[in-house]
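Q: Can you walk me through this one? I'd like the packing and any odd backbone spots.

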Amino acid sequence: MAARAKRPAAPGELTKKFWATAVMWLLVAVYGVPVLWFLLSSFKPAGELFSYPLTLFSKHPTIKGYTQAWTSFDFAQYFLNTLIVAVAATALTIVASAMCGYALAKYNNWWIRAFTVCILATTMLPGEVILSPLFLVVRDLGMYNSIAAVVVPSVITATGTFMFRQFFLSVPNDLLEAARIDGSGELSTFLRIMLPLSRPIIMTLAVFSFQWRWNDYIWPLIVLNDPNKFTLQIGVASIVGAENVNWSVLLGASVLSMVPLVVIYLVFQKYVMNADINAGLKD
Amino acid sequence: MVDSIRPTASEPSPEVRRGPEPVRPRQRNGRRKRYTGAPLVLISINLLLFVTFFVWPAITGLMYSFTSYTGVGPAPWVGLDNYQRLLQDDAFYAALIRTLVYTAGVVPLTIVLSLGTAVLLTSPYAKGKTIARIVFFLPWLISPIIAGVIWRWLFGENFGLVNYLITSLGGKEVAWQSNGNLSLIVVIIAAAWGGTAFNMLLFVAALKNVPTAYYEAASLDGAGSWAKFRRITLPAIAPTTFIVVLLSILHSMKEYALIKAINDGGPGSTNNLLVQYIYTKGFERAQIGYASAASFVLMLILMIVAIIQLVMNRRKES
């Protein structure tokens, strides 16, 4: 950004370029190698996984780990459950966060301000801290062992609410006033004018929320009891916790379980990278 | 300041001049008061969820922490007994100290890595940022459970790539799984690796907002890169750094899934962290009352961390 002048690069600039690029690619290696090694290993047949000397590429590449993972566990079921959880929670999170964020940004009642502080408090005191009483509440509500028990408590998120709040603060009040003068009701102004404006935030939060819920582990583990309702993370963790870890199946299952997120990220990359998520939490 | 002077200066004059004029501000006030229905509807979902899944469990949890409730049947009142037992429980202290050590290891490492990657991704000098961005982001997509599997696979004692490389270079196999301290180090590395992307995102947004004019002015004064980074960049992104430190501490204090997948708090129970301790007591041994007491100690620690940071931030700003 600073070097937008088109003068020929000074020798100092060249060394800077060299070092910055070198350090960056070193870090790329550090961050990428674990995943790469993991991916390449997942294509090795079970016998080759532990045979020394280790090789980067398999001599007899196979997808047996994947097919085994898919068939020996109820993987399709886990996949479906996780998908339902992630989609439902994401949809609800967006609706709730958009509405609440808008209210926090555009109305000035004392109880709105008080509620802002309450929402902020939920970032400080996350669900893990009230794990056992939260479980009791969910059980007493009769939701134990249902998909709803995983979805509903996770709908309220401070990050999502504040992302919307911050966005709506940047929308000029004149727009709201104009709509009021035109006789538009408050809720219809929100639905027809404000919500469509916030599309980039909706996209960003959708990716975030999907990732959170797809990767959740401890909460689904606690509220789900029936193996038919397990999510992918519980399924994978059960392979890890087995007496003898079947690495071939574990690698295949792990890679399969992260495919959807990688795809979603690649599609929505630009929204994620431009997300100004910290703006909301600054004050 | 200017805004507050204007209305008081202009309001009295129309009131004196004409009769119907003052209706306007009053009507405006009246209308503003009317907006209780809409905001109430808008926050209703969050309010309901907040009360049900936050206030209610927090209050019942606090109450249960004074009982020996097991999840079913009666909840006999035991007063501060749970807290006293907790303070005498070596396993709790061990978990608490391990959690603090873990946090002290993860947070600085995460901050350095996420700030470093963010600076590189916004730097005009680094080449190949498109690929780098995707690679740096990959760990965020990978769940803690899978990340645990990946690092367990890399650091396996007699099958892992790391030990293979060490032995190929003539070293001795390192006991990454059976030595408590070494296995904690593996978890710390894995956590920093997994925690970088999100914080990097926060830093990238902050770095993009630093006015380039500052750097240009500093360049004219002959400031070097490091001086510019220390004198301009760091102060400018301080609010974000504050958030990142706070969120990272809160996050690592409640780590569970990652350590579960890497070594299940092992070897033995050496690396049990607080949430794992709470989980074991509450859900495996059904000591809900006792686990609630442990939860409230964790909550107290998190609140103290948050308050200390807020106070420090205030002081720095003033």
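Q: Before the helix packing, what does contact mean here?
A: Contact means heavy atoms within 4.5 Å. Bear in mind that this is a predicted model.

Q: Fine. Which residues of H13(A) and H7(B) meet?
A: From H13(A), the residues are Leu261(A), Val262(A), Tyr265(A), Leu266(A), Gln269(A), Val272(A) and Met273(A). They meet Arg133(B), Ile134(B), Phe137(B), Leu138(B) and Leu141(B) in H7(B). By class, the residues of this contact divide into 10 nonpolar, 1 polar and 1 charged.

Q: And at what angle do H13(A) and H7(B) pack?
A: About 120°, with the axes 11 Å apart. H13 covers residues 247-273 of chain A, and H7 covers residues 129-141 of chain B. Angles from 65 to 115 degrees would count as roughly perpendicular and those over 145 as roughly antiparallel, so H13(A) and H7(B) are oblique to each other.

Q: Left-handed or right-handed crossing?
A: The crossing of H13(A) and H7(B) is right-handed.

Q: What about H12(A) against H13(A)? How do their axes cross?
A: At roughly 165°, and the axes come within 10 Å. That makes H12(A) roughly antiparallel to H13(A). H12(A) passes H13(A) in a left-handed crossing.

Q: Which residues meet there?
A: Leu232(A), Val236(A), Ile239(A) and Val240(A) of H12(A) meet Val249(A), Leu250(A), Ala253(A), Ser254(A) and Ser257(A) of H13(A). The split is 7 nonpolar, 2 polar and no charged.

Q: Switching to the core. How many residues are in the largest nonpolar one?
A: It has 187 residues. Those with the most contacts inside this core are Phe168(A), Val223(A), Val236(A), Tyr102(B), Phe136(B), Phe137(B) and Trp151(B). The largest share of the core, 16 residues, comes from H10 of chain B, residues 180-208.

Q: What does Val223(A) touch?
A: Leaving out residues up to four places away in sequence, Val223(A) touches Phe135(A), Val138(A), Tyr144(A), Asn145(A), Ser146(A), Ala149(A) and Val150(A).

Q: Phe135(A) is in H5(A), then. How many residues of H5(A) are buried?
A: 8 of its 10 residues, so H5(A) is mostly covered (buried means under 20% relative accessible area). The buried ones are Leu131(A), Ser132(A), Pro133(A), Leu134(A), Phe135(A), Leu136(A), Val137(A) and Val138(A).

Q: What covers them?
A: The cover includes H6 and H11 of chain A, together with H4, H15 and H16 of chain B.

Q: Backbone next. Where is there a positive phi just after H5(A)?
A: At Gly142(A), with a phi of about 75°. Asn145(A) has a positive phi of about 65° although it is not a glycine. Asn145(A) lies in the loop between H5 and H6 of chain A.

Q: Is Asn145(A) buried or exposed?
A: Asn145(A) is buried, with a relative accessible area of 18%.

Q: Where does Asp264(B) sit?
A: In the loop between H14 and H15 of chain B. Asp264(B) has a positive phi of about 55° and is not a glycine. Asp264(B) is partly exposed, at 39% relative accessible area.

Q: And chain B overall, how many helices and strands?
A: 16 helices and 0 strands. Buried residues make up 48% of the 318 residues in chain B. Among its contacts between residues at least 6 apart in sequence, 64% join residues at least 24 apart.

Q: Last one: how far apart are Gln77(A) and Tyr107(A)?
A: They are 30 residues apart in sequence and 44 Å apart in space, C-alpha to C-alpha. Gln77(A) is in H3 of chain A, residues 75-106, and is partly exposed at 30% relative accessible area.

Conventions: Residues numbered from 1 in each chain as written. Chains lettered and ligands numbered in written order. Predicted model: local features only at pLDDT ≥ 70, side-chain atom pairs only at ≥ 80, totals over all residues. Heavy atoms only, no water. Core = buried A, V, L, I, M, F, W, Y, C linked by side-chain atoms within 4.5 Å. Buried < 20%, exposed > 50% of the residue type's maximum accessible area, 1.4 Å probe, protein only. Helix = DSSP H or I, 4+ residues; strand = E, 2+ residues; numbered from the N terminus. Axes fitted to C-alpha atoms, helices over the stretch in contact; angles between N-to-C directions. Parallel < 35°, antiparallel > 145°, perpendicular 65-115°, else oblique. Left-handed = near helix turned anticlockwise from the far one by under 90°. Nonpolar A, V, L, I, M, F, W, Y, C, P; charged D, E, K, R; others polar.
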